[in-house]
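Q: I would like to go through a model with you. Could you take my questions in turn?

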Amino acid sequence: MKAIVLTFDRHRAITQHLMLQYQRLWPDHPFRFRIPYQQLRGPNPEDIEDEEWVYWCSDDKYPIRLIVEKVKELLNYALTASEISGLLFCRTRVTLDRPELSLHSNQRVTPSGDILLERKAWYQIWIHQFLRAKVLRFLFSHLPAQVPSAKALDGLKNRIEKPEDYHLFVTQQNFAVFGESTKRGAITRNCLESIARTDIELPEWFRRSNGERITMGQLPGETYWQRLRSRLPGRNK
């Protein structure tokens with residue numbers, strides 16, 4: 001499965017960390033990462049058809065914990081469900097705290113009994129998830145050619161009406177914990193500490209963190225302080 005990374009050359013070390021984390025947590029993952037570039041060119045990409053499933057992963061997040069067997073099971077289900085256009089397995093922030101704003105009332109139940117909740121609009125489109133390529137193609141073709149900042153993408157996407165036949169779901173139960181890699185261009189404390197345990201060489205601009213720990217998602221059995229930390233700072237996306 002092709003994994004489409006939202007990144008750019010300046011963040012190449014952050015992207016390397018993202019890929020390393022998937023290799024560490026999910027050694028036999030099916031992803032072939034496709035990384036955009038300005039100067040650091042890689043192999044020529046293959047074409048992607050609209051209905052093809054891809055894994056969408058922005059470099060400003062990286063996996064900390066995954067319930068891998070459940071993620072595999074959900075992927076296998078999505079591949080057989082023609083009505084589904086996207087499946088997110090991290091239920092956090094707005095889809096957890098404000099379901100009346102971010103979720104429709106309809107649900108789906110997988111053969112293994114997992115409940116899927118349909119998301120409204122583009123809520124949580126920036127979190128790592130399985131998507132049909134047409135979803136990304138539509139979203140980015142309706143964004144302006146010049147975007148002033150990554151932060152501006154949130155406001156811009158909210159002006160785009162999602163097609164009614166693009167059904168994006170999130171699992172009722174959370175199966176992943178992600179960390180944020182950067183905030184306003186600065187590396188987070190949790191990401192810096194994670195990279196320090198690898199052999200990735202950081203460029204000068206990522207050698208000092210902004211001091212913040214930012215994670216999202218809560219797995220069964222986590223402590224109160226882990227849950228609290230995962231919600232700071234709270235942002236509805």
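Q: What is the mean pLDDT of the chain?
A: The mean pLDDT (the predictor's confidence in each residue, from 0 to 100) is 91, and 89% of the residues reach 70 or more. Over residues 233–237 the pLDDT is below 50, and beyond near neighbours in sequence this stretch has 13 contacts (heavy atoms within 4.5 Å) in the model.

Q: Which ground rules apply?
A: This is a predicted model, in which local features need pLDDT of at least 70 and side-chain atom pairs count only at pLDDT 80 or more, while totals for chains, interfaces and linings use all residues. Residues are numbered from 1 along each chain as its sequence is written, and side-chain values use heavy atoms, with hydrogens and water left out.

Q: What is the strand order in the open sheet?
A: The eight strands (DSSP E runs of at least two residues, numbered from the N terminus) follow the order β2-β1-β3-β8-β5-β9-β7-β6, with mixed pairing (at least two DSSP bridges between two strands).

Q: Why is one side of β2 and of β6 left without a neighbour in the sheet?
A: Both β2 (32–34) and β6 (103–109) stand at the edges with a single partner strand each, so one side of each has no neighbour in the sheet.

Q: How do β7 and β9 run?
A: Strands β7 (residues 115–119) and β9 (residues 168–171) run antiparallel and are joined by three bridges. Leu-117 has Val-170 in β9 as its bridge partner.

Q: Turning to Gln-21, is this residue buried or exposed?
A: Gln-21 is buried (under 20% relative accessible area, 1.4 Å probe, protein chains only; exposed is over 50%, partly exposed in between), at 5%.

Key
Helix = DSSP H or I, 4+ residues; strand = E, 2+ residues; numbered from the N terminus.
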